[in-house]
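Please work through the exercises below with the sequence and the 3D structure at hand. Attempt each task before reading its solution.

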Amino acid sequence: MAFNVRSHTQNGTTVLALAGDLDATTAGEFQDRLTSAVRPGLQRLVLDMRDLAYLSSAGLRQLIYARQNLEDEVRVVLVGTNERVRRTIELVGFDQSVTFVDRMPE
Amino acid sequence: MQLVVPAVLGALDRVNAMVRDLAVRAALPEWDAYRLRLVTEELFTNIVRHGYRVREPRLPSIPDQHVVIEYGLTDDHVWVRLIDTADPFDPLGVPVGATACTARRETIGLDLIRRAVSTASHEYINGTNRTTVRVPRGLESAPASARHLRPGPESSRRV
């Protein structure tokens, strides 16, 4: 499934909406968008994963890198992850570094 | 059964298609099919990027640099074996980080392999790396999470 990412920033929150398969061939595009999103003044990074079907280690690596480069007080929120994506994140313990929610936060 | 693909990331689609077909034939539960894809992708990209050191998805393949993927199913399990002629490397021999905080970003994929499947092995025979993963059929086994780590699978290596 083709990968697609859309982003917007408002009031210190950047939202990245991910769709499709995030694998080794698409992680570069995700990295570019993620790097652009990590800016001074960012308070919250929201990753809308409701349409993300697949997450490989290549995408996970970018997420971990982004988390490590954010200030500790910046929250990383994952929205609507499917069970398989969530289990993948849990396998490497990254679930302890992010917040899972079912719906888009206000 | 066997699939031979050039050692480029652009061949990942063919690898994924093979895994998808195998999972359907084996009637694997959703999570088992998913984790078989996870580990196969990780092993394949590891061979391409680090074994053969190809970093660009669309670079033309170099002659004789290819990955052979053998696969099949038995009554009990599904198996996939990736074979390459790169330098000897055991992807199961790298220490597993306790959590994502301690795991090195570079080895997160290797961590994932060992946590996603319960049976995997590596051999170096006649100048080839041969890494095999197996996923049981008929039950959806719960893999280890980082909070409930089990020892990694045995890694056999003959160098």
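The exercises that follow concern a predicted model.

**Exercise 1. Determine the order of the strands in the open sheet of chain A, and state which strands stand at its edges.**

Solution. Step 1: the open sheet is formed by 5 strands of chain A in the order 1-2-3-4-5, and the pairing is mixed. Step 2: strand 1 and strand 5 (99-101) of chain A each have a single partner strand, so one side of each is left without a neighbour in the sheet. These two strands therefore stand at the edges. Step 3: from one strand to the next, the twist averages 20°.

**Exercise 2. Establish how strand 1 and strand 2 of chain A run relative to each other, parallel or antiparallel, and do likewise for strand 2 and strand 3 of chain A.**

Solution. Step 1: recall that strands of a sheet pair through backbone hydrogen bonds, in either a parallel or an antiparallel manner. Step 2: strand 1 (residues 4-10) and strand 2 of chain A are joined by 7 bridges and run antiparallel. Within this pair, A:R6 is opposite A:A17. The hairpin has 2 residues between the strands, and A:N11 takes a positive phi near 50° there. Step 3: strand 2 and strand 3 (residues 44-55) of chain A are joined by 9 bridges and run parallel. Here A:T14 stands opposite A:L45. Step 4: between these two parallel strands, the chain passes through helix 1 (residues 27-37) of chain A, and this β-α-β crossover is right-handed.

**Exercise 3. Identify the buried residues of helix 1 of chain A and explain why they are on the same side of the helix.**

Solution. Step 1: the buried residues of helix 1 of chain A are A:A27, A:F30, A:L34 and A:A37. Step 2: around the axis they cover an arc of only 80°, and therefore they lie on the same side of helix 1 of chain A. Step 3: the elements that cover these buried residues include strand 2, strand 3 and helix 2 (57-69) of chain A.

**Exercise 4. Decide whether strand 2 of chain A and helix 2 of chain B are largely enclosed, giving the count of buried residues for each.**

Solution. Step 1: in strand 2 (residues 13-22) of chain A, 9 of the 10 residues are buried, so the strand is largely enclosed by the rest of the structure. Step 2: in helix 2 of chain B, 17 of the 22 residues are buried, so this helix is also largely enclosed by the rest of the structure. Step 3: helix 2 (residues 30-51) of chain B packs on the sheet and touches strand 2 and strand 3 of chain A. Its direction makes about 105° with that of strand 3 of chain A.

**Exercise 5. Compare the expected span of helix 2 of chain B with the distance between its end C-alpha atoms.**

Solution. Step 1: the expected span is 1.5 Å times one less than the number of residues. Step 2: for the 22 residues of helix 2 of chain B, this gives 32 Å. Step 3: the end C-alpha atoms are 30 Å apart, which agrees.

**Exercise 6. Locate B:A27 and B:N126, and classify each as buried or exposed.**

Solution. Step 1: B:A27 lies in the loop between helix 1 (12-25) and helix 2 of chain B, whereas B:N126 lies in the loop between strand 4 (119-125) and strand 5 (128-136) of chain B. Step 2: a residue counts as exposed over 50% relative accessible area. B:A27, at 61% relative accessibility, is therefore exposed, and B:N126, at 77%, is therefore exposed. Step 3: most residues other than glycine have a negative phi. B:A27, however, has a positive phi of about 55°, and B:N126 has one of about 50°.

Notes. Residues are numbered from 1 along each chain as its sequence is written. Chains are lettered from A and ligands numbered from 1 in the order in which they are written. This is a predicted model: local features need pLDDT of at least 70, side-chain atom pairs count only at pLDDT 80 or more; totals for chains, interfaces and linings use all residues. Side-chain values use heavy atoms; hydrogens and water are left out. Buried means under 20% relative accessible area, exposed over 50%, partly exposed in between (1.4 Å probe, protein chains only). Helices (H or I, at least four residues) and strands (E, at least two) are DSSP runs, numbered from the N terminus. Two strands pair if DSSP finds at least two bridges between them. A crossover is right-handed if, with the strands pointing away from the viewer, the path from the first strand over the helix to the second runs clockwise. The arc is that of the directions from the helix axis to the C-beta atoms. Contact means heavy atoms within 4.5 Å. Axes are lines fitted to C-alpha atoms, for helices over the stretch in contact, and angles run from 0 to 180 degrees between N-to-C directions.
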